Every structure is written in structure tokens, then in C-alpha cells.
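I set out to look up two topics in this entry: the nonpolar cores and one of the pockets. My notes follow the structure.

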Amino acid sequence: MGFFKEIDMDQNDKNKDMRGADIVISIIFLILGIFILIGASQMPLTDSYGGVDSVWYVSPALMPIIIGIAIILLSISILSFALKQGGMKLLKESIAERKKDILFNESMIRMLATLIPLFWLVFVHLRMLDFCIAVALYLTFTISVFYFEDSKILKETLKFYCILMIINLLFRVTTLNIILDGFFVFTTDILATIELIVLIFYIKKKVKASDVKNDLIKKYHQALSVSLITPIAVAAIFRFALRIPMPKEGFIMNFMYLIYYAIK
Amino acid sequence: MNVLNQFSIFFAQIGSILTSPVQLLLLFGCTFLGIIFGALPGLTATLGVALLTTLTYGMDLNVAMVALMAIYVGAVYGGSFSAITLNIPGTAASAATAMEGYPMAKKGLAGKALGLTTTASAIGTVISIFFVVIFIPVISKLALQFTSVEYFLLAFFGILISGSISCPDTVQKGWLAGFFGLFLAMVGTDSLQVYPRFTLGSYALEGGIETVPVLIGAFGIPQIIQVLKEQQQPPKATKLDKIIPSWRSIGSKFKHIVRSALIGVGIGAVPGIGEDIAAWVSYGTAKGTSKTPELYGTGCEEGIIATEVANNACIGGAMIPLLSMGIPGSPPAAMLLGALLLHGVSPGPMLQIDRPGFITEIAAILLLASFAMWFCGIFLAPKVVKILQVPPALFMPVVGILCIIGSYALGLKIFNLYLMIPMGVITYYLVKFGFPVPPLVIGVILGKMADANLRRGLMISEGSLKPFFTRPVALILLIVIVATFLTNTALYKNLKAKRKAKRL
């Protein structure tokens, strides 16, 4: 489908590396386009819905059909352009390189260290733990490992963080958190605080064992300050100044309420 | 409303801001915050406006607009700080500034370069205010004559043109991103027949995908991933001497300023195209028309003025389609649209009738914001340069938390976060593989409008496509859409090549 203008040679060369990935992305979009058309075909087009006789031009399927067709045509266009530009060869080379490379290379580990805590915070911790503790856990890990710029510490702390999170998950899966909260309302928060303290000490241990200990000690203190002050400041601004309730208000938030009302 | 009334509203607004300590503090505070957002690589004007939107939710509309316009103006200008002192453009719009600003800084003229960018940016914003005041009422009056067909075509044109111009790779990718955005807008209950579309049986999706969390996800999360994933050494800034406003240099380049401002306003007014394109086009034009093009790249003052006037003039330009038709002119303006809707303001031709004087009030805020920007730029520059030394690994995770709490705060829905994070990751990969974000965002924002107006238009004509060809504005828009499409085809390229060969 060479209908569309082929880009200038300079730009073409610059973006040539993308052609392998273009094949994968265009196929994903092609599937999305088909999904949209299938979804649209199930919507009322000319039949009646909710007691109202429909006509094609009022149908809720009209726009999705246009979008679905456009996505399919554009995906085919990108796919054919990528194939013409040697995208398949590039894709094979890229897969071969990946196979040769260690599965968890430096870049992949950094990506995982960015995404795992973020997903964990949003999908698990925010609903399970007090907002301040959940955010402190996220920040302590993320700021420390990326600020230190030490790949050994990053790898080891990521492993340790994952172990802590698995323990956390076990609590949730076995509903042990609900049982324990039945005995004392903030048990899960207290356990998470213990996890946070363990994580802080683990990072400190790694920093002390590092070759560039003196450099890292200063960074460790800065990272820790930002990690622990930020959740308190954010919670105070949003909860007490903007009156926005936090996703979960537990141990720390209740403590903040006590201080707030004592001052007020 | 007559001119005298407009003037009285304009000066009343200025007086009300200047006499209110809270608004004055917000004006300067948010402008400074905007400068920091613009200056720090990884943070953008759009993200700044997005995060502040969540904080202004409980504020009075007028106060909220002061904060939002101030951060917008500050952030567009702020990119020049890191561009000049670090050679790292804080925003895409300031990439062209780095071409001339950094060589000047290397010569020991960082203060002069910053003085030029500060004054040029302020002038660019002020000039664009005239266009806001003059053009919005005219376009709004014209837009009152628009029917559903014109609105559908306008939305479609916005997506198509933004996909064509903002795409770093093949044009199809830009359009595909736009259609993907349109698809996201289709999720939820349809407005005409209340039919749930692509909700996958989820009640949470029936209300549709909320725009603000999607925008925060699309502009915030990819930046966080990118900055943290790439190893970043703390930047070392060039030594900064005293900031000199350089009025004489600016005054001698009046022609350049006017031309650059016109480019900025013009590009800003095109839906979905932002400050970065305006800056580059203006820089290219300045270089192309210069008598000494060989000086460009070595620290040329004209180049700095051209880029900075244009990218700040783009602010006013972007406000024109936003306030007159409800179509955002740039990504930060798209975020402003979300903020206005949150505050119960529906931008469009009816705005002049629903809220007479609102546009004049915005113009007054823009004028004060440009003064605040000039003041902060000249007197607080050393503080900004100090903040620039903060390693991104220290503040990016904090920005992540602000994105999370900001998205949650809008409607107190955890579900917003479940949308925001995957949307951020998807956008990260799309950007990585050459897909632009602006058409995607424009698609999400204009999708519902395009859908409802297409069907409404066809309902009125009982399924006939005749209004697309018989209504003058619709026909013009249709011709522009077809022309945009055709100029990106191989057929057009071959014809052009043949003509060129014939001429030779």
C-alpha cells in the first residue's frame, strides 16, 4: 500500500530502526481495528433499541465503524511501509539480539524498577494501606535506587522490594490483613510500616557496603528526607487544605487528624 | 458589548487581581512554578497545567484562571533556562532556543541571552493578547452560524492536521494516534441513544473515559518512565551573570518580533499544534530571511528572539480556537479546556453570551501573567538555575505521586488511576516508536463532539451528505481535509517530483 508519501531519505534513515517495531505495533492496531468493528457490529444499526427504531445515521455504531476502518487502513499502510523498508529483517535481528542478550539487561531492570513499584502502589497499596505509608514505601524505593545510580544496589534492592511485596500480597490473598485488622484496626498499616523500616535499613546496609560509601551516604539522607516528608506534605495539602479524602486513611492519617484538631 | 465596556472589564480585572493579595501571590507563585516546570527537563507546560488543575478544583473560577494562565505562561517561557544554561531544552518548544542560547552562554553571555528570552517571551505573550481580544469575538460570531456538520468537520480537521504536523515519523502514525484517541472517546454510554459502547461489561467504564486523568497519564507517566529509565547525571549549569533585559537589542529587531508573533499566533490557532512547532517555524523563517544566516548557530540574538516571541505568542493563538469554538489549539490548551469544563465553563460560541466579559478577563490575566513572568525571569533567575541542579531522580517520583493524587482527586475515583497508569505506559511506548501524543489527546477531547455532531448533522439532513457540500464553511473544511490527506500521498509526491524534473 504505497499510497502514502514516503518520507524523506534523511528522516527515513533516522527512523529506520523503528521499522521492526512498526510491524509489531501495526499488527496490534490492526487487531484493535478488527475489535472495534466487531464491537460496532453488535451495536444497533438499523434495528430498534430501547423501543426506538434506529436508522443508520443515528446509530451509536456509526462513528466506531469509521474509526475501526480508519485504524485498519492506517495499520495496513504502516505495516506495508515497514515491510518495504526491511522491517522484517530488522525485527528478526532485534529478536536475535534479545536472545543473545541477558533477558534482564540493565535497561530492562531499570524499566521494571520504575514500573513495578508504580503499579503496586496504584493497584494494591493505595486501597490497602494508609496513603502516607503506601507513598513512603514507593518513594523510598524509587528515589533511593535511581538517585544512587548504582546498578548493583538497584538490582539487589529491587529483588528485596519484590520479596516484601510478595509477603504483602500473601496477606491480601489469604485475607490475613482483614483478620488482623479485626483484632486491631491498624495492624496492616503497622506491618507495612515495619516493612518500610526494614527497607530503609536494607538500603542503608547496601550503601555502607558500597565502594563509594561517602558519596552515597549523603544521597541516602537526601533520598530518605524527600521520601518521608513528601507523603506527609501531600496528604496535609490535599486532605486539610483542599478537603480531599485520601484513598485510604489509616494509621498516619488518623495521627495527622489528631494533630490537626489539637492545633485547631 | 461595546469597546468601552470591554475596557472597563479589562481594567476592573487587572485592578481586582492587583488589589487581592491572594490572587497576586497566586499570580507570581504560579508563574514561578511554571518557570520551574518549563525549566526542569522532563516536566512540561501541559503537565504543569494538568497538576495545577487538580489543585484549583475548589477555587473560584476567576482565581483558578489566574493560577492556570500564570503557570501556562511561565512554563512555556521556562524551557529557555535549561536550554541556555545546560544546553538541555526544558520543553520541546525551547529546543530552538538552545541552538543560539547555549553558544551565547559559552561566550559568557548567559545573562544577556536570558534577558533576551525573558523580554522576547513577554512581548510575544502581550502581542498575542491583542489577537485574543480581536479575533475571539469575530470567530465566535462566525461559529454561531456553524451547524453540526461544520463542528464534525472541524474536529476531524483538528485531529488530521495535528497528526500531520506533529508526527516525528510517517504521517500515518500521527493519524493513527488521532484515531486511537477518537476510539478512547467512544468508550462509555453514547450521548444520543444511551447505548453502552466498548465498556466490556464494566460499570466504571459506562461513564466514559475521563479526559483529565488520561491527559495526566499521557503527559506525566511517559516522562517519569523515560527520566528514570535513562541514567541521568546531575546537570552542570553555565555560570550565570546578571540578567540584562536588553531593551535596545529587542527594540532594533521590531520587524522580527512582529513576524515571529504572527507566526506564533497563527500556528497556535491551528488545533492541536503547539509551541514547539511555532518556535521551529519562526526560527527557520528568521534564518531563511536573514542577511547573515551564517551567524545562526553561533549565538545569534535574532534566532533567540524569533523562537521565544513565537512560542509565547502561541499561547494567545491557542486560546482563539479554544474559547471561540471549544477546540484546543495546543496540548496545554487541551488541558485548560479540561480545567474550564471542571469549573463549569463551556468554551465555544455561546461563551460570549453565557459569560460576557470572560474573554476580556482572560486577556487581562494573560497580560499580568506576562508581567509576572518578566519579573520572575529577570529577578529570580539565579534561584531557577539552582533548582535546575536538582537531580531528576529526586523529583520525578514526587511528580508521579502528584499525578496519582491529582487524577484521584478529580471525582475521588480510584478507577481514574486504573486508567491513568496503563494509559501512561501505552503512551510511553507509542512515543518511543514515533507516534505523537497531541493528536491522541485531541482525539480523546474532540471524539465525543465529533460523534454527536456527525449523527446530529445527518439526522437533520435525514441521512443526506448534501450539507457537507452545500454549506460554504463545511465545503472549505472538506477541501482542506482532502488537501491535507492528498498532499501526504505518493500520487502528490510523484506529481511534485515530475514538475520539478520538468523545470530542471
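For these notes I take a nonpolar core to be a set of buried Ala, Val, Leu, Ile, Met, Phe, Trp, Tyr and Cys residues joined through side-chain atoms within 4.5 Å. The model is predicted.

Entry 1, cores. I looked up the largest nonpolar core and found 247 residues in it. Met65(B), Tyr72(B) and Phe81(B) have the most contacts inside this core. Helix H4 of chain B, residues 61-85, gives the largest share, 16 residues. I also noted that domain 1 (1-98) and domain 2 (103-264) of chain A each contribute at least three residues to this core. Apart from this core I found another, of six residues, including Ala96(B), Tyr283(B), Ala286(B) and Tyr296(B).

Entry 2, one residue. Which residues does Tyr72(B) touch, not counting those up to four places away in sequence? I listed Val49(B), Glu275(B), Ile315(B), Ala318(B), Met319(B), Ser330(B), Pro332(B), Ala333(B) and Leu336(B).

Entry 3, pocket. I turned to the second largest pocket, whose volume is about 960 Å³. Its lining comprises 27 residues, and Ala21(A), Arg98(A), Tyr429(B), Lys432(B) and Phe433(B) lie nearest the centre. By class, I recorded 17 nonpolar, four polar and six charged residues in the lining. At least two lining residues come from each of helices H2 (18-41), H4 (87-100) and H5 (106-128) of chain A and helix H20 (414-432) of chain B.

Where does this pocket lie with respect to domain 1 and domain 2 of chain A? I place it between them, because both domains give residues to its lining.

Terms used:
Residues are numbered from 1 along each chain as its sequence is written. Chains are lettered from A and ligands numbered from 1 in the order in which they are written. This is a predicted model: local features need pLDDT of at least 70, side-chain atom pairs count only at pLDDT 80 or more; totals for chains, interfaces and linings use all residues. Side-chain values use heavy atoms; hydrogens and water are left out. Buried means under 20% relative accessible area, exposed over 50%, partly exposed in between (1.4 Å probe, protein chains only). Helices (H or I, at least four residues) and strands (E, at least two) are DSSP runs, numbered from the N terminus. Domain bounds come from an automatic or database domain assignment. Contact means heavy atoms within 4.5 Å. On a 1 Å grid over the protein atoms alone, a cavity is a set of points where a 1.4 Å probe fits but cannot get out, and a pocket is an open set with protein on both sides within 12 Å along at least five of seven lines; lining residues have an atom within 4 Å of a point. Grid points are joined across faces, edges and corners, and a volume is the space filled by probe spheres set on the points. Ala, Val, Leu, Ile, Met, Phe, Trp, Tyr, Cys and Pro count as nonpolar, Asp, Glu, Lys and Arg as charged, and the others, Gly among them, as polar.
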